2 protein chains.
Amino acid sequence: MVCKSSYPRIEKKNKGSGRQRSNQIGAGIIILKYTKMKIILIFVSTLDGKITRWGDPEVRLWSSHQDQDYYKKIWNESRLIVMGSKTFDTGSFPSVNHQLIVMTGHPDKYENLKIPGKIEFTSESPAKLTDRFKGMGHEQMLVVGGPHVATSFLKEQLIDELWLTLEPKIFGTGDNFATGIKLDINLRLIHFEKVNKQGTLITKYAVLKN
Amino acid sequence: MVCKSSYPRIEKKNKGSGRQRSNQIGAGIIILKYTKMKIILIFVSTLDGKITRWGDPEVRLWSSHQDQDYYKKIWNESRLIVMGSKTFDTGSFPSVNHQLIVMTGHPDKYENLKIPGKIEFTSESPAKLTDRFKGMGHEQMLVVGGPHVATSFLKEQLIDELWLTLEPKIFGTGDNFATGIKLDINLRLIHFEKVNKQGTLITKYAVLKN
């Protein structure tokens, strides 16, 4: 049985076999397991930290095909996706298998676009938002930007992992994924991979929390 | 004989032996060889593209020991080093084996600090500066910043390689290594290496010129 709840899960362990055996402590011992919702921030960036070319939000004009395929796969595998209203306004997002959470100071503006269980618009803080979804059995929440939303999650130490694609480019001007406030966040590299001839690097970092 | 001149070198090839043999075309053939001066831009950056923490130029307060050792080694191996006056003003730079070129709009301000062949202060453009040194037999010019100098070299397509260390950190605010103008530079990853447990990445990129 795979349980995706963040509530404590109670298992009665009897004589295990196969994959269960390695987890077995002893016959009849009760083990409490928690499933934590992992919050992932995902971006593609240049070497000078730009996530837009000169402010143009259309990332697909310069990101590599390898990154676009990677992002599409992650998008498709994610049930719960969080974005800012500016990101929502500039794209079209298939929501067949997803639950989109759009963070906005004016949820009433989007009243006619909401679809219960599919798309919602909220002015909740990042902390309140994540608290609400932690109790709903999600394994993962994908935060896809933009910078204002990313920074508000980073500031509150809510991000568990940063999945950053580094394109071998320099733009000089444009948006950064963290913006406007002093942060001092340490991370640890958990994965890195060169995915094409130009040297696009797909990386994953765990945020080290204070 | 190893010739480090950027002027054409004329060699008379006779019957070669040992290491020369593989380069031998034929007895009596004259080969012209050019030695190109490679211009390298070197920086250490956070994942959000910051080269200073909140504007403080003291990089050693947050860069890893591995990057500091690496930078020291490269510094020691470099004969010709270029920096802006702000970078010069904030540090002390041993110049026993180096020739420091400090770019400034006011070379006269530094008149009493110049040491012929060791430290010079110039208001030349990056193009004029590199042209002057290309003819002096240097194999390499190391550009160590700051952002204004880096950007002026990048804008003129003078940088051959970017040697970028990526520290697993996010600062939110601070300086970027390219700044203030729109650039559209493509590069190719030629080296990358994880150098410690936290996942500091030392990378080298070749600039693809138009």
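Here is a short walk through this predicted model, from the way its two chains are arranged to a sheet that draws on both of them.

Let's start with the symmetry. Two copies of a chain are related by a rotation about an axis and a shift along it. In this model, a turn of 180 degrees with a shift of 0.0 Å along the axis lays chain A on chain B, and the RMSD is 0.0 Å. The two copies are thus related as by a two-fold rotation axis. If you want to find that axis on screen, look for A:Gly49, the residue of chain A that comes closest to the axis, with its C-alpha at 2.0 Å. The copies meet through the same surface, because 100% of the interface residues of chain A are also interface residues in chain B.

Now to the sheet. It is open, has 9 strands with mixed pairing, and runs in the order β6(A)-β5(A)-β4(A)-β7(A)-β3(A)-β8(A)-β11(A)-β10(A)-β9(B). At the edges, each pairing on one side only, are β6 (119-122) of chain A and β9 (169-170) of chain B. Within the sheet, β8 (residues 161-166) and β11 (residues 201-208) of chain A are antiparallel partners, joined over 6 bridges. Here A:Leu166 stands opposite A:Leu201 in β11(A).

Two helices of chain A pack on this sheet. Helix α3 (residues 126-134) touches β3, β4, β5, β6 and β7 of chain A, and its direction makes about 160 degrees with that of β5(A). Helix α4 (residues 147-155) touches β3, β4, β5, β7 and β10 of chain A together with β9 of chain B. The direction of α4 makes about 140 degrees with that of β3(A).

Technical notes:
Residues numbered from 1 in each chain as written. Chains lettered and ligands numbered in written order. Predicted model: local features only at pLDDT ≥ 70, side-chain atom pairs only at ≥ 80, totals over all residues. Heavy atoms only, no water. Least-squares fit on C-alpha atoms with pLDDT ≥ 70 in both. Contact = heavy atoms within 4.5 Å. Pairing = 2+ DSSP bridges. Helix = DSSP H or I, 4+ residues; strand = E, 2+ residues; numbered from the N terminus. Axes fitted to C-alpha atoms, helices over the stretch in contact; angles between N-to-C directions.
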